[in-house]
There are 2 protein chains.
Amino acid sequence: MDMTASTPDHRNCGRIGELLSTIGDRWTLPVVVTLHDGPLRFNAVRRAVTGISQQMLTRTLRILERDGMVDRTVHPTVPPQVEYALTPLGRSLTEEAFRLGTWVQAHLPLIDNHRAQFDDRNG
Amino acid sequence: MDMTASTPDHRNCGRIGELLSTIGDRWTLPVVVTLHDGPLRFNAVRRAVTGISQQMLTRTLRILERDGMVDRTVHPTVPPQVEYALTPLGRSLTEEAFRLGTWVQAHLPLIDNHRAQFDDRNG
């Protein structure tokens with residue numbers, strides 16, 4: 001295989017795929033897009049992401065925190081307030097994902113068209 | 001939410017996520033990387049992608065073909081030879097995915113470091 005600058009190392013395909021899967025997870029992208037404008041408390045994120053359950057939001061934020069994409073800050077108020085913010089790493093990945101998202105968005109009609117043709121041929 | 005040029009439309013998050021999941025699938029990225037250098041016959045792809053089964057390669061190529069990312073050409077030889085090639089659409093998506101892949105590759109040590117720290121704190 002030709003290893004041009006634009007081709008990721010074959011050996012890292014698994015790891016890269018794993019991270020793409022995480023980003024492509026049902027809730028990760030909506031949560032990250034929501035945090036892109038600034039830090040938010042748990043319930044504010046929950047209100048902004050239509051349809052997400054408390055459990056799934058907890059799980060999604062925890063995975064993002066573990067990867068270093070999101071910072072979790074507990075403010076010592078009564079009751080304590082927990083705020084979530086994208087880290088510089090998370091912001092950087094988000095910009096890259098947005099770029100790919102923009103591509104996907106622009107090409108969705110074409111992809112849908114291909115799918116319909118394929119299903120007609122193979123129905 | 002601020003809809004800057006770089007922010008994909010919130011309503012398309014599901015579709016974008018779905019496509020990212022497909023790319024991040026265990027086998028899609030290795031197959032696409034393999035086809036990036038030029039068209040190949042089924043068995044040549046299979047030899048190049050270590051560990052993939054015949055069934056999984058058939059399934060992966062079919063999904064890529066359905067989305068219009070891969071063209072399947074049957075040459076009328078005896079026995080017939082079936083060749084797979086990235087379409088211009090597939091090549092374009094691949095370039096975008098490579099860009100994200102390059103980012104992931106460069107930041108993997110940092111992400112791994114965050115994970116180890118998180119697991120120490122929460123172990």
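What follows is a chat about the chain pairing, sheet, salt bridges and largest pocket of a predicted model.

Student: Before we start, what are the ground rules for this model?
Tutor: Residues are numbered from 1 along each chain as its sequence is written, chains are lettered from A and ligands numbered from 1 in the order written, and side-chain values use heavy atoms, leaving out hydrogens and water. The model is predicted, so local features need pLDDT of at least 70, side-chain atom pairs count only at pLDDT 80 or more, and totals for chains, interfaces and linings use all residues.

Student: What relation superposes chain A on chain B?
Tutor: Superpose the copies by least squares on the C-alpha atoms of residues with pLDDT of at least 70 in both. A rotation of 180° with 0.0 Å of shift along its axis does the job, at RMSD 0.0 Å. That makes it the relation of a two-fold axis.

Student: In chain A, which residue has the C-alpha nearest the axis?
Tutor: Its C-alpha is 2.3 Å from the axis, and the residue is Ser21(A).

Student: And what percentage of the contact residues of chain A recur in chain B?
Tutor: Contact here means heavy atoms within 4.5 Å. The same surface serves both copies, and the share that recurs is 100%.

Student: Which strands of chain A stand at the edges of the sheet?
Tutor: Strands are DSSP runs of E, at least two residues, and helices are runs of H or I, at least four, numbered from the N terminus; two strands pair if DSSP finds at least two bridges between them. The open sheet has three strands in the order 1-3-2, paired antiparallel. Each edge strand has a single partner, so one side of each is left without a neighbour in the sheet: these are strand 1 (40–41) and strand 2 (70–75).

Student: In chain B, how many bridges join strand 2 to strand 3?
Tutor: A hairpin joins these two strands through five residues. Val70(B) stands opposite Leu86(B), and the bridge partner of Arg72(B) is Tyr84(B). The strands, residues 70–75 and 81–86, run antiparallel, and the bridges number six.

Student: Which residue in strand 3 of chain B stands opposite Arg41(B)?
Tutor: Strand 1 (residues 40–41) of chain B runs antiparallel to strand 3, with two bridges between them. Opposite Arg41(B) stands Glu83(B).

Student: Which residue forms a salt bridge with Asp119(B)?
Tutor: The rule is a side-chain nitrogen of Lys or Arg within 4 Å of a carboxyl oxygen of Asp or Glu, and the count over all chains is four. In this pair the closest N and O atoms are 2.8 Å apart, and the partner of Asp119(B) is Arg66(A). Asp119(B) lies in helix 5 (residues 88–122) of chain B and its partner in helix 4 (residues 54–66) of chain A, so two chains are joined by Arg66(A) and Asp119(B).

Student: Which element supplies the largest share of the lining of the largest pocket?
Tutor: On a 1 Å grid over the protein atoms alone, a pocket is an open set of points where a 1.4 Å probe fits, with protein on both sides within 12 Å along at least five of seven lines; lining residues have an atom within 4 Å of a point. The lining includes Arg41(A), Phe42(A) and Tyr84(A). Helix 3 (42–48) and strand 3 (81–86) of chain A each supply at least two residues. The largest share, four residues, comes from helix 3 of chain A.
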